[in-house]
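Please walk through the open and closed spaces of the following structure, and through the surroundings of its ligand.

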Amino acid sequence: MTRFAYVNGRYEHHDMAAVSIEDRGYQFADGVYEVVAIWKGSAVDLKPHMDRLERSMSELEFRNTPERSSLGVIAKEVVRVNRVQTGILYIQINRGTAPRNHLFPAGEINCSVVMTVRHGLGPSVSEIQNGVTLKVQDDQRWQRRDIKSIGLLANVLAKQAAKSSGAFEALLIDPDGTVTESSAANVWLVDQDGTLVTRPLGSEILGGITRARVMSIASDAGYSTKEAVFTLDEVLSAREVFLTGTTTFVLPVVNVDHAVIANGHPGNTSCDLRDRYQSYLASLKPRPSWHVSE
Ligand code: PLP
């Protein structure tokens, strides 16, 4: 099936779609992005994704940014023309195209906007059922991880190192010994009291949309939750560990650097939250919800 991408005002064949070589995203990684889950043809948690996208642009002082309502229209159209029922919508906005110069362009240039889609979403059945393994690594990223920047080289290297060692993901550790997150997901543990713990929001981690959703699902289900920093030792002695993210959903972790977590099987709380998150997705209305403000 032909795939279409949106690039700066045009819907183009995915394989032919391109931006200028002087696009600042290409030259300086001067861009931000969002990955939104598409479920039953509908965008999951679109409003918080749009809020985060606008925040990322604002933190980087982008000017002439696209209207939120226009982004909603384009997103809906890209999903429709590609007939995506279950998949992901990728939105990238760069500062714009200008002759190469580190300084922000002086003139009134528009941001570049690209949207693409991919069919298929979520981890494999085996990963969901058996849980995954993590490889511990130093967090080598910049100090504004709260901005969803396209500058992902440190994330790429961490994920590749994890994969090369046979692990699914990285468990990233800051120089102070605290766990930040993984290369593309937030990290949680269930402590010996049964409390769910995840790192507080701040510049050390990305504020995951799935993290916030799971926090609310867990509270509604009566779990006690806490935002606190934790160390690798606390991960290794936790009752359970799991990841959350748009493409990982709620994913149990059973092994960290060859150390088995608890009994080496996905724990009850992780499995329950995994199921509750999937029920949340299943409960979404089949008709597309493209309201960027609700
Ligand atoms: N942390 C990082 C570094 C990520 O890249 C992602 C998602 O890509 C997440 C956390 C999870 O965020 P979300 O739940 O919004 O997908």
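Which backbone atom of the protein lies 2.8 Å from an oxygen atom of the ligand? It is an N or O atom of Ile 209. The model is a predicted one, in which local features need pLDDT of at least 70, side-chain atom pairs count only at pLDDT 80 or more, and totals for chains, interfaces and linings use all residues. Residues are numbered from 1 along each chain as its sequence is written, and side-chain values use heavy atoms, with hydrogens and water left out.

Two side chains also make polar contacts with the ligand, a polar contact being a pair of N or O atoms within 3.5 Å. In Thr 246, a side-chain N or O atom is 2.6 Å from a ligand oxygen. For Lys 148, the distance from a polar side-chain atom to an oxygen of the ligand is 3.0 Å. The ligand exposes 390 Å² when taken alone, and the protein buries 93% of that area (Shrake-Rupley method, 1.4 Å probe). Around the ligand there are 17 residues (a heavy atom within 4 Å), and the closest are Arg 52, Glu 181, Ile 209, Thr 210 and Thr 246.

Next come the open spaces. On a 1 Å grid over the protein atoms alone, a pocket is an open set of points with protein on both sides within 12 Å along at least five of seven lines, and a cavity is a set where a 1.4 Å probe fits but cannot get out; lining residues have an atom within 4 Å of a point. The largest pocket has a volume of about 890 Å³, a volume being the space filled by probe spheres set on the points. Its lining has 38 residues, and Tyr 33, Lys 148, Ser 183, Ala 184 and Ala 185 lie nearest the centre. Among the elements that give two or more residues to this lining are strand E3 (31-39) and helix H6 (209-220); H5 gives the most, three residues (helices are DSSP runs of H or I with at least four residues, strands runs of E with at least two). Because domain 1 (4-121) and domain 2 (125-281) both contribute to the lining, the largest pocket lies between them; the bounds come from an automatic or database domain assignment.

Two cavities of 30 Å³ or more are present. The largest cavity, of about 80 Å³, has Glu 61, Arg 63 and Phe 104 among its lining residues. The second largest cavity has a volume of about 40 Å³. Ile 209, Thr 210 and Thr 246 are among the residues that line the second largest cavity, and each of the two domains supplies at least three residues to that lining.

Technical notes
A polar contact is a pair of N or O atoms within 3.5 Å; within protein, one must be able to donate a hydrogen and the other to accept it, and residues adjacent in sequence count only if both atoms are side-chain atoms.
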